[in-house]
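Please look over the sequence and the coordinates below. The paragraphs after them go through the two chains by topic.

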Amino acid sequence: MRWIALIAAVLLWPGEAAAHAFPDHSEPRVGTTLAQAPGGVRIWFDGEIEPVFSTMRVENDLKQRVDKGDARVNPQDNRVLEVTVSALAAGTYRVYWSVIARDGHRTEGDFRFRVR
Amino acid sequence: MSIVVISGVVRWFTLSATAAVLGALVVVAFVLPRPTPAGPARRLRRWTTAAAIVLLLGVGAELILRTQAMTGSTSAALLTGVPVVVAKTHFGRIWLVRAAAIGAILLLAARASRGARGAALGLAAVVSLTTALTGHLADWGDLTPSVGLDWAHVMAAGTWTGGLAALALATMGMRGSVWETPALAATAARFSRLAGYCLLVVALTGAYNAWVQLPGVAALWTTGYGRLLGIKILVVLALAALGAINRYAIVARLGVGSLRSPAARIFRRARLIVAGPAGPRAALAARFATYVAAEAGLAIVVLACTAALGESPPARHAMHLDHHHVAEPAGPVRISMDALHAQGGVPSNWLFVPPPGDAGRGREVFVTRQCYACHTVAGEGFPAPTGAGPELTGMGAHHPAGYLAESILNPNAVILEGPGYTGPDGRSTMPDYRQSLTLADFIDLVAYLRTLAE
């Protein structure tokens, strides 16, 4: 039995790993073209994120901020980061997100969407 | 030195110190003979105190490094950041409990009473729990089976590796009267049994961790995390082999009946065939000490690998990172006909690679074919798109040339679900260019798309 345990340990011991939160999906979706302007942007992450240091901003083609500066982690679901945006005209928008996972590791990224 | 490397080194120290504290307390409580010889007991109390001091310094450094990572700030903002991290983040709250428990261990470690030792052991278990609570498996919440299993993993691995160091320390210079062979044999047998149980727990909880974290067996060699894990596995293998030799070839001969098991007999016979008759029994105690010290040394290397893994994104996140670095063969793949057949008709890891093209001319093709009517390319100044198609900004960094070529030539080969670049029939709305693009146009267009980086 101990030999089986030993072999299993050697093959399967992955060790402790740090948490790094990454987006699972978003609304609007990455790279999508929308017929109607969205009222906000929401990203679902694959782990819980820290409300204090997690941020998101949305910029237009001219690198002007179009979000209302109210980015927050959803109080009901700590995996969701959301922000509201002002009325978006037709054009391409870029969403920048930066979040802290529960163990304090930061991950960042960005994606675009388009309004027709 | 980058913050990731410094964090890794600090994690290595805290993991090693946690194991040292836990292992020493367990060895004193459950492994050393009763009454406990004064010399080894005193030595282990000092060892525990020293390890707790290192641990306390380590968690102090952890807080500063995490604050730096969270605030992304310089030293000036760190001062204001630390209280916010401690008061308002999950890591900070766990850190408070962790630091308090280590401080209490430090106060108790120097005391010889049984009650103090028991309390310190309980606190060491709390410190192990905080390791699990700030690790990856706490992603799904604090009071979850995942955290419980990771806690068991940390406790078992810490008891095993830290116990080896404590045992090496306790049996150091064993020629004195404290360690007569029967006492040493009984101690060694108790630790060997304990290490066996720890290995069992480590195996079961490790299997669960692997199931959760690795997207597949191939991640062991296709991701940086997996390769690092491979190195760790090799060191663990060496550690387990040393442990097995010690248990079945040395401890078994020290003269305790319970370890004269069939496995020990088989091991000794195999050894007799391979290496000839064993040395004199008198040398066994010294060999035991040498092996335990070597095992403790390997355990330090295992903990270094664990620390490095702790600072790397787990393999299950590899898809978020690796597509930025799609590798294409640098030159021609040379292969014999036999090997080509043997590998199933294409070389292993084959990738379709279009020939190099003229990216400048490819841009002209993009403009004349009005690809911009559906595809945005940021920074190019093309007219705004009117139709629906995926944005191509930065696409060159995300996909290999063969994939881009296929998406022009056969857009229905891969259909992206969700964004809606499809018609009512569910097929791609991308036009058919077989009559209008020459082969040169096509190659140059792909070369242009490959230049599109952020």
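**A walk through the model**

Of the 454 residues in chain B, 41% are buried. The model is a predicted one, with an ipTM of 0.72 and a pTM of 0.72. Chain B has a mean pLDDT of 83, and 86% of its residues score at least 70. Confidence varies along the chain: among the elements of chain B, helix 14 (residues 359-368) has the highest mean pLDDT, 95, while helix 12 (residues 318-322) has the lowest, 56.

Chain B contains 17 helices and 0 strands. Its contacts often bridge long stretches of sequence: of those between residues at least 6 apart, 75% join residues at least 24 apart.

Helix 6 of chain B covers residues 145-170. Its 26 residues reach 36 Å from first C-alpha to last, close to the 38 Å expected at 1.5 Å a residue. Because 20 of these 26 residues are buried, helix 6 of chain B is largely enclosed by the rest of the structure.

The largest nonpolar core has 110 residues, and those touching the most other members are A:L81, B:V21, B:A24, B:V27, B:I105, B:A166 and B:F288. Helix 11 (residues 284-310) of chain B supplies the largest share of this core, 15 residues. A second, separate core has 17 residues, including B:V365, B:V377, B:A401 and B:I443. In soluble globular proteins, nonpolar side chains tend to be buried together.

B:V21 shows what surrounds one member of the larger core. Leaving out residues up to four places away in sequence, B:V21 touches B:T48, B:A51, B:A52, B:L55, B:I105, B:A124 and B:G162. Of these, B:I105 is itself among the core residues that touch the most other members.

The second core includes B:I443, which is one of the buried residues of helix 17 of chain B. That helix spans residues 439-450, and its 12 residues reach 17 Å from first C-alpha to last, close to the 16 Å expected at 1.5 Å a residue. How many of the 12 residues of helix 17 of chain B are buried? The count is 9, so the helix is largely enclosed by the rest of the structure. The buried residues are B:D441, B:I443, B:D444, B:L445, B:V446, B:A447, B:Y448, B:L449 and B:R450. Their cover includes helix 14, helix 15 (395-398) and helix 16 (401-409) of chain B.

Between helix 14 and helix 15 of chain B runs a loop that holds B:Q370. B:Q370 is not a glycine, yet it has a positive phi of about 55°. It counts as partly exposed because 14 C-beta neighbours lie inside 10 Å.

Further back in chain B, B:T71 lies in helix 2 (residues 38-71). Its 19 C-beta neighbours inside 10 Å are the reason why B:T71 counts as partly exposed, since a residue is buried only if 20 or more lie within that distance. Apart from neighbours within four places in sequence, B:T71 is in contact with B:A77 and B:G81, and also with A:F53 of the other chain. B:T71 and B:V84 are 13 residues apart in sequence, and their C-alpha atoms are 10.0 Å apart.

In chain A, the description turns to strands. Strand 7 (residues 91-100) and strand 8 of chain A run antiparallel and are joined by 10 bridges. In one of these pairings, A:I100 has A:R106 of strand 8 as its bridge partner. The two strands form a hairpin with 5 residues between them, and in the turn A:G104 has a positive phi of about 100°. Strand 8 (residues 106-115) of chain A also pairs with strand 2 of chain A, in the parallel sense and over 2 bridges. There, A:L34 stands opposite A:V115 of strand 8. In a regular strand the side chains alternate between the two faces of the sheet.

Two loops of chain A have backbone features to note. In the loop between strand 1 (23-27) and strand 2 (33-34) of chain A lies A:P28, and the peptide bond leading to it from A:E27 is cis, with omega near 0°. The loop between strand 4 (55-59) and strand 5 (72-73) of chain A contains A:K63. A:K63 has a positive phi of about 65° although it is not a glycine. Is A:K63 buried or exposed? A:K63 counts as exposed, because it has 7 C-beta neighbours inside 10 Å.

Definitions and conventions:
Residues numbered from 1 in each chain as written. Chains lettered and ligands numbered in written order. Predicted model: local features only at pLDDT ≥ 70, side-chain atom pairs only at ≥ 80, totals over all residues. pLDDT = per-residue confidence, 0-100. Helix = DSSP H or I, 4+ residues; strand = E, 2+ residues; numbered from the N terminus. Expected span 1.5 Å × (residues − 1). Contact = placed C-beta atoms within 7 Å. Pairing = 2+ DSSP bridges. Core = buried A, V, L, I, M, F, W, Y, C linked by C-beta atoms within 7 Å.
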